[in-house]
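These notes are meant for a colleague who is opening this model for the first time. Please read them with the structure in view, one point after another.

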Amino acid sequence: MLGDRNEPLEDHKQFITRVTGLPYLSADEEKLVHVGIGHRYEDTDSGVLRFRAGPEAFFSPAFVDTGEFAASNASSFDLELGFKKGPLWVIGEYIRTDVNAYDFDDPTFAGFHVSGIWALTGEQHGYDKSRGLFDKATPLESVRTGGIGSVELVVRYSDLDLTDGLIEGGDMSRVSIGVNWWPTREFKGTIEYGWIDLDRFGISSSSNVIQARGAFLLGF
């Protein structure tokens, strides 16, 4: 990372690797199974680490937060599993992070998500074999040619637990349902509802989020 950085990240180092594969791919590429594994090692000479996350909503504060605590390094292991069949695709990911923090009983943090998309208008997401990633949608009938574009139903569940050992960072889960609209391959509009549960410091709470966003996706 170039440029000035604030403490405690000015001496932070990370080493990351990721490997993916396709154990199954049909001849017409309409069906596939994706798997991936990854590892990230990070340390800091200042001896301070911090983990936090918001509820998957822009401009929201962090709902779960460990705060800064004394630690020498952390190792994260990641497992991905994806499936596509025609206009339906589902992908899930699990991440576990083991922290070397003797004074805080060496906590372990974990999180996962499962996401699914069904194209109501019949489109199929492509798959980029070189990067091991699902591609964006290409409408069968773009609005440029008088069509309605691509309409997708999206569902997602995620959970992140940052409480372990002597760290009380909180446990947050979210259920989301929404609709994507691709009038063209370069533009995506989304409207989404999310229900968020949070447990922290012995207190349970819930929140509701309604999000709408638009994005231009060029160069992909």
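1. A first point concerns the second largest pocket, whose lining comprises, by class, 11 nonpolar, eight polar and 11 charged residues. The model is a predicted one, and the values in this note should be read with that in mind. The space in this pocket comes to about 750 Å³.

2. Which residues lie nearest the centre of the second largest pocket? Of the 30 residues that line the pocket, these are Trp89, Ile117, His125, Phe134 and Lys188. The elements that contribute two or more residues to this lining are E8, E9, strand E11 (133–134), strand E12 (150–164), strand E13 (167–184), strand E14 (187–200) and strand E15 (203–216). The most is given by E8, which supplies four residues.

3. For the chain as a whole, the secondary structure consists of 15 strands and zero helices. The C-alpha atoms, taken along the principal axes, fill a box of roughly 60 × 35 × 35 Å. Of the 220 residues in the chain, 37% are buried, and among contacts between residues at least 6 apart in sequence, 57% join residues that are at least 24 apart.

4. Nine of the strands form an open sheet with antiparallel pairing, and their order is E1-E2-E7-E8-E9-E12-E13-E14-E15. Strand E1 (12–25) and E15 are the edge strands, each of them pairing on one side only. If direction is ignored, neighbouring strands of this sheet are turned against each other by 10° on average.

5. Beginning at the E1 edge, E1 runs antiparallel to strand E2 (residues 31–44), and 12 bridges join the two. Within this pair, Thr20 stands opposite Gly36 in E2. The hairpin that E1 and E2 make has five residues between the strands, and Glu29 there takes a positive phi near 60°.

6. On the next step through the sheet, E2 pairs with E7 in the antiparallel sense over 13 bridges. Glu42 has Ala74 in E7 as its bridge partner, while Ala74 also stands opposite Val99 in E8, so that this residue can be used to follow the sheet from E2 across to E8.

7. Strand E7 (residues 73–85) and strand E8 (residues 88–100) are likewise antiparallel, with 13 bridges between them, and Glu80 is found opposite Glu93 in E8. These two strands form a hairpin with two residues between them, in whose turn Gly86 has a positive phi of about 60°.

8. E8 also pairs with strand E9 (residues 108–119), again in the antiparallel sense, over 11 bridges. Here Arg96 stands opposite Ala110 in E9. Both E8 and E9 are among the elements named above for the lining of the second largest pocket.

9. Is Ser75, a residue of strand E7, buried or exposed? Ser75 counts as buried because its relative accessible area is 18%, and buried means under 20%. Leaving aside residues up to four places away in sequence, Ser75 touches His39, Arg40 and Tyr41, and also Arg96, Thr97 and Asp98. Arg96, one of these contacts, is the residue already described as standing opposite Ala110 in E9.

Definitions and conventions:
Residues numbered from 1 in each chain as written. Predicted model: local features only at pLDDT ≥ 70, side-chain atom pairs only at ≥ 80, totals over all residues. Heavy atoms only, no water. Pairing = 2+ DSSP bridges. 1 Å grid on protein atoms, 1.4 Å probe; cavity = no way out; pocket = protein on both sides within 12 Å on 5 of 7 lines; lining within 4 Å. Points joined across faces, edges and corners; volume = space filled by probe spheres on them. Nonpolar A, V, L, I, M, F, W, Y, C, P; charged D, E, K, R; others polar. Axes fitted to C-alpha atoms, helices over the stretch in contact; angles between N-to-C directions. Buried < 20%, exposed > 50% of the residue type's maximum accessible area, 1.4 Å probe, protein only. Contact = heavy atoms within 4.5 Å.
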